[in-house]
Amino acid sequence: MKHTAQWIRQTHLFGKDEYQCSACGFLSGRPVAACPRCGAKMKGAKSGASWVDALAAFDAIFED
Ligand SMILES: [Zn+2]
């Protein structure tokens with residue numbers, strides 16, 4: 001099944017950031033282009049305060 005989702009950035013005070021699939025909840029160490037578990041194509045990433053940072057990271061990934 002093809003669908004889209006986005007990474008929800010989980011920041012950890014004493015650890016690396018994680019990215020959670022908004023469709024299935026899968027946690028990834030980095031915002032890859034598609035969810036390894038449910039296969040959702042990622043449209044971007046969001047988080048409470050660092051949305052701009054996440055966008056900058058995705059520019060590199062989704063560049064054609
Ligand atoms: Zn997923």
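Which residue is the bridge partner of R9 in β2? The partner is Y19, and this pair is a convenient place from which to walk through the structure. The model is a predicted one, in which local features need pLDDT of at least 70 and side-chain atom pairs count only at pLDDT 80 or more, while totals for chains, interfaces and linings use all residues. Residue numbers start from 1 along each chain as its sequence is written.

The protein contains one helix and four strands, where helices (H or I, at least four residues) and strands (E, at least two) are DSSP runs numbered from the N terminus. Read along the sequence, these elements follow the pattern β-β-β-β-α.

The four strands form an open sheet with the order β3-β2-β1-β4 and mixed pairing, two strands being counted as paired if DSSP finds at least two bridges between them. β3 and β4 are the edge strands, each pairing on one side only. β1 and β2 run antiparallel and are joined by four bridges, whereas β1 and β4 pair in the parallel sense, also over four bridges. On the β4 side, T4 has K41 as its bridge partner, and I8 has K46. β2 and β3 pair in the antiparallel sense over two bridges, and here Y19 appears again, with S28 as its bridge partner in β3. The hairpin of β2 and β3 has five residues between the strands, and within this hairpin G25 takes a positive phi near 90°.

R9 itself lies in strand β1, which spans residues 4-10. R9 counts as buried because 20 other C-beta atoms lie within 10 Å; the cut-off for buried is 20 or more other C-beta atoms within 10 Å of the residue's own, with 12 or fewer for exposed and partly exposed in between, the C-beta atoms being placed from the backbone. R9 and S22 are 13 residues apart in sequence, and their C-alpha atoms are 9.9 Å apart in space.

In β2 the side chains alternate: Y19 and C21 point to one face and are buried, while E18 and Q20 point to the other and are not. Y19 and C21 also belong to the largest nonpolar core, whose eight residues are A5, W7, Y19, C21, C35, A40, M42 and A45. The elements that give two or more residues to this core are β1, β2 (18-21) and β4. A nonpolar core is here a set of buried Ala, Val, Leu, Ile, Met, Phe, Trp, Tyr and Cys residues joined through C-beta atoms within 7 Å. In soluble globular proteins, nonpolar side chains tend to be buried together.

One of the core residues, A40, lies in the loop between β3 (27-28) and β4 (41-46). A40 counts as buried because it has 21 C-beta neighbours inside 10 Å. Leaving aside residues up to four places away in sequence, A40 touches H3, T4, A5, C21, A23, A34 and C35, a contact being a pair of residues whose C-beta atoms, placed from the backbone, lie within 7 Å. A40 and H3 are 37 residues apart in sequence, yet 5.0 Å apart in space from C-alpha to C-alpha.

Two totals describe the protein as a whole. Buried residues make up 17% of its 64 residues, and among contacts between residues at least 6 apart in sequence, 35% join residues at least 24 apart.

Terms used. Contact = placed C-beta atoms within 7 Å.
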